[in-house]
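Reader: Before I accept any labels, I would like to see the model and the terms used for it.

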Amino acid sequence: MEILHVSAECYPVAKVGGLGDVVGALPKYQQELGNFAKVIVPAYRTRYYETHEFDVVHQGGMWMGHGWYHFNVLKERSNELGFDLYLVEIPGLLDTPGVYGYSNDTERFLGFQIAVLDWINEWNHLPDVIHCHDHHTGLIPFLLSYGYKYDRLKEVPTVLTIHNAQYQGQFGWDKLYLLPAFDLWKSGQLDWNGAINPLAAAIKCAWRVTTVSPGYMEELHENAAGLEGLIRHESAKMVGILNGIDTAIWDPSTDHMLNHTYDIQEVAEGKAANKQLLCERFGFDTSLPLISFIGRLVGDKGADLLPEIIGKTIYDFPGEVNFLVLGSGDPHIEWSLQQTRYLVSHGFNLHIGYDESLSHLIYAGSDFLLMPSRVEPCGLNQMYALRYGTIPIVRSTGGLKDTVIDFGDPGGVGIRFVQPAGWDACAAVRRAVQLYNDQPNFRTVQQRGMHENHAWGTSAQRYLDMYSNMK
Ligand SMILES: Nc1ncnc2c1ncn2[C@@H]1O[C@H](COP(=O)(O)OP(=O)(O)O[C@H]2O[C@H](CO)[C@@H](O)[C@H](O)[C@H]2O)[C@@H](O)[C@H]1O
């Protein structure tokens, strides 16, 4: 089966969060299962783009409104990722150092989608499925069905995976003129609440819609940032498939970003050596439990709760616990975390920014990973943490609920709390400190977590089964 994944991120080409991890891994596993998986992403000016060689496989041009853009589709030469990687180059739109956050993001991702469709339109054959990820690629199913230029591609099955329904890419109807010509009678398919909504359009037009965990699928019926009615209406074609993790990259026994690798037999010594490095760098006492947070500093991740959780815990239990935060995002949250660091003189430190190798060291050297998420469609951090022997402390929501059983219950591998509020998270942190102080029990929970298997195998197969049953 030939599968084309279209996405705004793909690790290690361009990654901002979990979308990049999934699109960098799932195709590799689909390929291993005997399929032909391809990935196409924008050619941002990332390190990967600058340091690899490409062949131009397609060239074209497009009008977007009054602007003319030239584009190239490039193919990476070495095939080192385990699947064919293609990049779309559009000077003036996609040649940015970053992935998101530009004032013309609507035009950037629309241009990307038009270039992808133009390229596929030139193939001699058709792919078996086009798999779109998140709203940046959400207009593709619509344009395939109703765009005049893509008539030849009408029967190509499409899948949308929702990695996070909070982001929908809406823009006003005044920008309709940017879209390639389509059957205007079908304009309603683009609309949600008076705006053009790419995520809603994809939910309506894709042949199948998936989300990244069964728990999140259920939650979307009640909480989907305004799309609840649509989700309920389209529920017959929707399914939740739990993400896996790339066990070749995320393996503490082979991780090339770690100076001290370790496996389950030597977890105590291995983690102690990594913790030592972290504690030296951030000024912590190695004998205390180290609780870390890694992620985007946004409300969805509960990052705004961190100052309260950290401040209150250190105030109530001075000298008993250390906290470390790695992330960037909302400037207000960054500022309040920096203020918290000045207010609590010991026991808390942070690194504002994006640092892939530091994140690996934190998974390896921490005792606990805190995830107070308000919304968590799947969450990969808790699965990485489990594999690295770091006990996750999670709010019971979405994929976190599907993957972390509380250690108080049979087979438990982590600590769960229910309310997206500082007081409940603080209670969970207290339980973590108690568990740390009961080392035999702590080791049992840690080992149990390391034995969990979150590899992609089963989930990659579930996607293939779904593609095969789409006709
Ligand atoms: N400052 C930083 N430095 C280094 N690394 C950092 C970092 N901030 C984040 N990361 C890394 O980015 C990834 C985050 O993945 P998540 O799945 O937790 O979140 P995200 O919300 O981006 O993804 C969305 O899509 C994924 C994939 O489907 C879903 O799991 C998730 O629930 C959904 O919100 C992890 O690999 C993490 O280590």
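Author: The questions below go through the sheet, the ligand and two loops.
The model is predicted, so local features need pLDDT of at least 70 and side-chain atom pairs pLDDT 80 or more, while totals for chains, interfaces and linings use all residues. Residues are numbered from 1 along each chain as its sequence is written, and side-chain values use heavy atoms, with hydrogens and water left out.

Reader: What makes β3 and β11 edge strands?
Author: The open sheet has 9 strands in the order β3-β4-β5-β2-β1-β6-β7-β10-β11, with mixed pairing. Strands β3 (54-64) and β11 (238-240) each pair on one side only. A strand here is a DSSP run of E with at least two residues, and a helix is a run of H or I with at least four, numbered from the N terminus.

Reader: How do you know that β10 pairs with β11?
Author: Two strands pair if DSSP finds at least two bridges between them. Strands β10 (residues 208-211) and β11 are joined by 3 bridges, so they count as a pair, and they run parallel. Thr-211 has Gly-240 in β11 as its bridge partner.

Reader: What makes helix α1 a helix that packs on the sheet?
Author: Contact means heavy atoms within 4.5 Å. Helix α1 (residues 18-32) touches β1 (2-6), β2 (36-42) and β6 (129-133), and its direction makes about 160 degrees with that of β2. Such angles run from 0 to 180 degrees between N-to-C directions, the axes being lines fitted to C-alpha atoms, for helices over the stretch in contact.

Reader: Which residues surround the ligand most closely?
Author: The shell has 29 residues, and the closest are Asp-21, His-163, Arg-296, Lys-301 and Glu-376. A residue belongs there if one of its heavy atoms lies within 4 Å of the ligand. Helix α1 gives the largest share, 4 residues.

Reader: Why is the pair between His-163 and the ligand called a polar contact?
Author: A polar contact is a pair of N or O atoms within 3.5 Å. An N or O atom in the side chain of His-163 is 2.7 Å from an oxygen atom of the ligand, so the pair qualifies. For the side chain of Arg-296 the corresponding distance to a ligand oxygen is 2.6 Å. From Asp-355, a backbone N or O atom lies 3.0 Å from a nitrogen atom of the ligand.

Reader: What makes Pro-12 and Asn-79 worth listing?
Author: The peptide bond from Tyr-11 to Pro-12 is cis, with omega near 5 degrees, and Pro-12 sits in the loop between β1 and α1. Asn-79 has phi near 55 degrees, a positive value in a residue other than glycine; its loop joins β4 (67-76) and β5 (84-89).

Terms used
A polar contact is a pair of N or O atoms within 3.5 Å; within protein, one must be able to donate a hydrogen and the other to accept it, and residues adjacent in sequence count only if both atoms are side-chain atoms.
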